[in-house]
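Q: Please take a close look at the place where the ligand sits. What lies around the ligand, and which atoms of the protein come up to it?

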Amino acid sequence: MTDKKATLTVDGIDKSIEFPVYSGTLGQDVIDVRGLTAEGMFTYDPGFVSTAACESSITFIDGQKGVLLHRGYPIDQLAKSSNYIELCYLLLFGELPSDEEYDKFAQLISNHTMVHEQIVNFFKGFRRDAHPMAILCGVVGGLAAFYHDNLNITNEKERYVSAVRLIAKMPTLAAMCHKYNIGQPFMYPRNDLSYGENFLYMMFGNPCEEYKINPVFAKAMDTIFMLHADHEQNASTSTVRLAGSTGANPFACISAGIAALWGPAHGGANEAVLAMLDEIGEESEENIQRFIDKAKDKEDPFKLMGFGHRVYRNFDPRAKVMKETCDEVLEQLGMADDPQLKIAKRLEQIALEDEYFIERKLYPNVDFYSGIILKAIGIPTNMFTVIFAMSRTIGWISHWNEMIAGGHRIGRPRQLYTGHPQRDYPAK
Ligand code: SDX
């Protein structure tokens, strides 16, 4: 366990209070403050800036150095040499698969990409112009109504069945959201295609003609899936863990994660970046500077979308890979001088030279360039966060599984109460 301790002295309490201090494999030590309640006090940490909510061995982030490891492997190496299905296996099981294990897992995922045919009726309850994230949130939450045969979460095999179903079906459901929006027929998944190819096929294929997969797009999609797969205890993963701590079924937990991810401060930022670049309009210094000044203005709630991060005080390593992928895809499409890419690069350059951003260590995050690639591939802006949710499903389900398998208590934070002291109801 530990021989390190922290000692707290509090005005008004005549004895000092000792707490155990634990060290992980990497990163900050933690002070175990569970004993504080017995002393009649709580810690206070709105936004959980200094709170470790759990122990985990899935992902490690060093915000100062801009390092992201998945089960110890750096994200840039994984993005260069692995693929999304292999990363799913790594996040779920903790080790890279052998060739045989990979083939078996990839085949299992392929065989579960189709959804229950009744789910088509579920989609028909939505307006055609519903935001695809609203549809996805509802449909994923409703999966427990279709797949209730393996929901004993205390059983490892049943947890795995739900994990496979979610990893496999999310691209199908995501593409169905898009097809529903544009009034085209749903495309059934194909077992002869890779994960990224299948997604593009279900998004852009139609029953009237053969759809030719663009290998550049398929590779870019797979890279984007990998870069969004997991990110430690972010807001949506913490939501999934909190929902899971009550014993809720995995589909309900993932639906909660999708809802949390939708916010523009989190996964909704990729859609918001494109809206911001659209608003900046043509690449003019004064327009860009106007947005930078808005972002710096404390009176203005506007934040520079795709910039800043709770943990990274350096470049988000995913943003570096995303920027390289962006350059590659647009180069291959002959769109190297895409106006929005030029604005984004100029915005980044100006911001990184501005004292306000330098002082606060605000750098581009994973969302800054992803939207430009997705737009170049032809994916509508309102589908950007859906793709983030699809990619992050493996992270959410890996953390959910780690928590359930490792034993847990229901999450139940306390508060600093500043409301009325007790008072009597007025006599009539
Ligand atoms: C994701 O947590 C994760 O890991 C999330 C994620 C994942 O993979 O799961 O990485 C995905 O959500 C990436 C972030 C996407 N969101 C955005 O791009 C939206 C714009 N970013 C900001 O809203 C903000 O940076 C957050 C929400 C990302 C972080 O919020 P924090 O931690 O509350 O911000 P902070 O404490 O670092 O801010 C410090 C200062 C503050 O100003 P002061 O009070 O010190 O004067 O920097 C300012 C902030 O106001 N600031 C910004 C800014 N981000 C922070 N000012 C202008 N523009 C910004 N983008």
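A: By class, the shell around the ligand is made up of 10 nonpolar, seven polar and eight charged residues. In this predicted model, 25 residues surround the ligand in total. The closest of them are H231, H309, R310, R318 and R392.

Some contacts can be followed atom by atom. R310, already named among the closest residues, has a polar side-chain atom 2.6 Å from an oxygen atom of the ligand. R313 also reaches the ligand through its side chain: an N or O atom there is 3.1 Å from a ligand oxygen atom. With A265 the contact comes from the backbone, where an N or O atom lies 2.9 Å from a nitrogen atom of the ligand. The protein buries 78% of the 1,100 Å² that the ligand exposes when taken alone.

Elsewhere in the chain, a sheet can be described in a similar way. Three strands form this open sheet, in the order β4-β5-β6, and their pairing is antiparallel. β4 (59–62) and β6 (73–74) are the edge strands; each has a single partner strand, so one side of each has no neighbour in the sheet. In general, strands of a sheet pair through backbone hydrogen bonds, in either a parallel or an antiparallel way. Strand β5, residues 67–70, pairs with β6 over two bridges in the antiparallel sense. Within this part of the sheet, L69 stands opposite P74 of β6.

Conventions:
Residues are numbered from 1 along each chain as its sequence is written. This is a predicted model: local features need pLDDT of at least 70, side-chain atom pairs count only at pLDDT 80 or more; totals for chains, interfaces and linings use all residues. Side-chain values use heavy atoms; hydrogens and water are left out. A residue is near a molecule or strand if one of its heavy atoms lies within 4 Å of it. A polar contact is a pair of N or O atoms within 3.5 Å; within protein, one must be able to donate a hydrogen and the other to accept it, and residues adjacent in sequence count only if both atoms are side-chain atoms. Accessible areas come from the Shrake-Rupley method with a 1.4 Å probe; for residues, only the protein chains shown count as cover. Ala, Val, Leu, Ile, Met, Phe, Trp, Tyr, Cys and Pro count as nonpolar, Asp, Glu, Lys and Arg as charged, and the others, Gly among them, as polar. Two strands pair if DSSP finds at least two bridges between them. Helices (H or I, at least four residues) and strands (E, at least two) are DSSP runs, numbered from the N terminus.
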